[in-house]
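Here is a short report on side-chain interactions in one protein model. Aromatic contacts come first, then charges, then local surroundings.

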Amino acid sequence: MDPLIEDSAKDAARSLMWGALFLIRQVKCIDVIDAYIDRIKEVNPLINAIVKDRFEAARQEALEVDHWLSKEQEDETTLEKKRPFLGVPLTVKEAFELNGMPNSSGLVNRKGVISTTDAAVVALLKEAGAIPLGVTNCSELCMWYESSNKVYGRTNNPYDVRRIVGGSSGGEGCALGAACSVIGVGSDIGGSIRMPAFFNGIFGHKPSSGVVSNAGQFPVAMGAQEEYQCTGPMCRYAEDLEPMLRVMAGPGIHKLKLDKKVPIHKIKFYWMEHDGGSILVSPVEPELLQVQKKVVRHLETVLGASVQHVQLRQMKYSYQIWVTVMSAKNQDGKEAVKFLELLGDHGKPVWPLWELMKWFLGMSAHTIPSIGLGLLESVLKHDRQTNTKFEKLRQTLWSDLVDMLGNNGVFLYPSHPKVAPKHHFPLTRPFNFSYTGIFNALGLPVTQCPLGLNSKGLPLGIQVVAGPFNDHLTLAVAQYLEKSFGGWVCPGKS
């Protein structure tokens with residue numbers, strides 16, 4: 001593997017800046033971009049992560065960066081502040097607008113939709129100097145945790161191509177895990193950043209609700225979903241999370257405390273090994289339980305931190321709480337858009353039973369998870385009494401967690417009950433995503449952190465959760481865990 005693609009985004013940008021400032025131009029931006037293009041051409045035929053590239057445009061932008069650096073006389077501190085990701089390769093989930101790139105979200109009816117502008121976060125990252133290489137695959141309409149659709153096909157895990165990459169930001173997680181990019185953009189309404197980050201052995205951060213703009217992606221969240229959908233950073237190296245979040249937050253940065261120093265040993269750690277035994281989800285696998293306990297022992301014995309095991313009984317109802325929140329109206333009384341309406345975007349109305357018959361004949365333009373969700377939506381009736389019950393559970397869980405964590409605590413919880421399963425397995429366990437989805441329903445910041453590989457060479461990981469707007473705590477813990485447990489492991493070296 002070319003050593004140029006082993007640098008973090010922070011190191012890559014710094015090496016370009018220092019080289020220009022001290023006239024030792026050993027590495028040029030065009031060299032970095034070409035190294036990533038070569039890597040994508042080498043491995044993308046196996047994994048199908050990047051579904052549309054912009055290599056020629058990226059090379060031209062790299063040459064412009066090199067020319068600009070050869071003329072620019074600003075000092076490194078000024079350059080880092082103005083353009084912290086100067087010349088850094090970036091990939092973007094296809095559900096986000098990237099000028100000149102498709103924006104179908106895996107829906108056949110939208111196959112011809114080409115973005116004429118950039119999503120808010122994409123524009124901010126480009127202003128910060130990042131160079132987009134292309135867009136990455138997602139599940140149909142971003143509503144499933146396997147990234148497969150009838151527009152681009154299926155994405156395969158770089159650690160074992162027989163396994164899933166997660167969803168809906170699965171192509172993004174895969175591209176980063178396979179070293180086809182160093183930073184990426186994802187979105188998360190039920191774990192769509194954190195599950196792909198977990199399955200592909202990288203870092204992913206779901207920010208506190210309301211910090212990062214969701215503008216410029218499809219589908220557009222409506223109803224209460226507007227509050228609980230989050231756009232966030234995905235990357236291979238923990239040190240890139242914080243500068244990415246600074247850029248992506250834009251004006252929302254004032255809500256966070258990213259400048260506050262975090263003494264790791266003074267953080268109060270709480271942990272829970274599973275959701276309490278919900279019959280809707282898989283039991284947590286032994287190797288995931290073992291690595292979590294390994295982290296706990298390390299924090300107690302090596303770091304000397306305060307670590308406490310807790311039992312939050314409401315976690316057992318994570319799926320029910322999540323679905324109650326996602327079907328609710330927002331404060332203005334606006335309802336969530338029906339999934340069947342989204343399936344019919346740019347086309348005729350969709351009848352799920354008819355689509356199911358067509359699917360059996362190989363004639364449907366939709367995936368079986370989408371058809372199944374459409375069927376479920378058409379028969380599911382939301383009982384007010386039941387919804388009230390689970391909304392009260394959500395409120396008590398939020399209060400219990402927030403009171404427990406305060407402004408100096410984090411909660412360790414499995415990222416998923418299973419390591420990356422084989423293709424189609426999610427159809428047998430559709431509610432396993434509730435391990436991540438519950439934190440969307442609570443609006444709390446969460447960072448998924450890789451913890452090495454299991455006995456089969458598949459990534460392990462853990463979620464680090466903090467109280468509202470205490471993202472700086474989870475990001476600091478992510479960097480500590482990376483130093484202690486190794487972080488991302490290249491699939492080629494596993």
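Phe411 and Tyr413 are both buried in this predicted model. Their rings form an aromatic pair, and the pair is stacked. The centres are 5.5 Å apart, with 25 degrees between the planes. Stacked applies because the angle is under 30 degrees.

Phe411 also pairs with Phe439. Here the arrangement is edge-to-face, at 6.4 Å centre to centre and 65 degrees between the planes. The angle is over 60 degrees, so the pair counts as edge-to-face. Phe411 and Phe439 are both buried. What does this pair tie together? Phe411 belongs to strand S11 (residues 409-413) and Phe439 to helix H16 (residues 434-442), so the contact links parts that are 28 residues apart in sequence.

In total, the structure has twelve aromatic pairs. One aromatic cluster is made up of Tyr319, Trp322, Phe431 and Phe433.

Helix H16 also holds Ser434. Is Ser434 buried or exposed? Its relative accessibility is 3%, so Ser434 counts as buried. Leaving out residues up to four places away in sequence, Ser434 touches Val281, Ser318 and Tyr319. Tyr319 is one of the members of the aromatic cluster.

Charges also meet rings. The charged end of Arg83 sits over the ring of Trp68, 5.0 Å from the ring centre. Arg110 lies over the face of Phe218, and its distance from the ring centre is 3.7 Å.

**Salt bridges**

How many salt bridges does a search of the whole structure find? The count is 16. The table lists some of them, including the N to O distance for each.

| Basic residue | Acidic residue | N to O distance |
|---|---|---|
| Arg39 | Glu42 | 3.7 Å |
| Arg54 | Glu61 | 2.6 Å |
| Lys126 | Asp118 | 2.8 Å |

Arg39 and Glu42 share helix H2 (residues 29-47). They are three residues apart there, about one turn of the helix. Their exposure classes can be read from the accessibilities. Arg39 is buried because its relative accessible area is 12%. Glu42 reaches 54% relative accessibility and therefore counts as exposed.

The bridge between Glu61 and Arg54 can be described in the same way. Arg54 has 12% relative accessibility, so Arg54 counts as buried. Glu61 has a relative accessible area of 22%, so Glu61 is partly exposed. The cut-off for buried is under 20%, which means Glu61 does not qualify.

Lys126, the partner of Asp118, is partly exposed because its relative accessible area is 25%. Elsewhere, salt bridges that share partners join Asp11, Arg14 and Glu80 into one network.

**Lys82 and a surface patch**

Lys82 lies in helix H4 (residues 76-82). Which residues is Lys82 in contact with, leaving aside its neighbours within four places in sequence? They are Glu74, Glu127 and Ala128. Lys82 and Ala128 are 46 residues apart along the chain. Their C-alpha atoms are separated by 6.6 Å.

A nonpolar patch appears on the surface. Trp351, Trp354 and Met357 make up this patch, which covers about 430 Å². Met357 belongs to helix H13 (residues 352-360).

Notes:
Residues are numbered from 1 along each chain as its sequence is written. This is a predicted model: local features need pLDDT of at least 70, side-chain atom pairs count only at pLDDT 80 or more; totals for chains, interfaces and linings use all residues. Side-chain values use heavy atoms; hydrogens and water are left out. Rings of Phe, Tyr and Trp (its six-membered ring) pair if their centres lie within 6.5 Å; planes under 30 degrees apart count as stacked, over 60 as edge-to-face and the rest as tilted. Buried means under 20% relative accessible area, exposed over 50%, partly exposed in between (1.4 Å probe, protein chains only). Helices (H or I, at least four residues) and strands (E, at least two) are DSSP runs, numbered from the N terminus. A charge sits over a ring if NZ of Lys or CZ of Arg is within 6 Å of the ring centre and within 35 degrees of the ring normal. Patches are made of residues with over 30% relative accessible area and no salt bridge: like charges are joined within 9 Å, nonpolar side chains (Val, Leu, Ile, Met, Phe, Trp, Tyr) within 5 Å. Accessible areas come from the Shrake-Rupley method with a 1.4 Å probe; for residues, only the protein chains shown count as cover. A salt bridge is a side-chain nitrogen of Lys or Arg within 4 Å of a carboxyl oxygen of Asp or Glu. Contact means heavy atoms within 4.5 Å.
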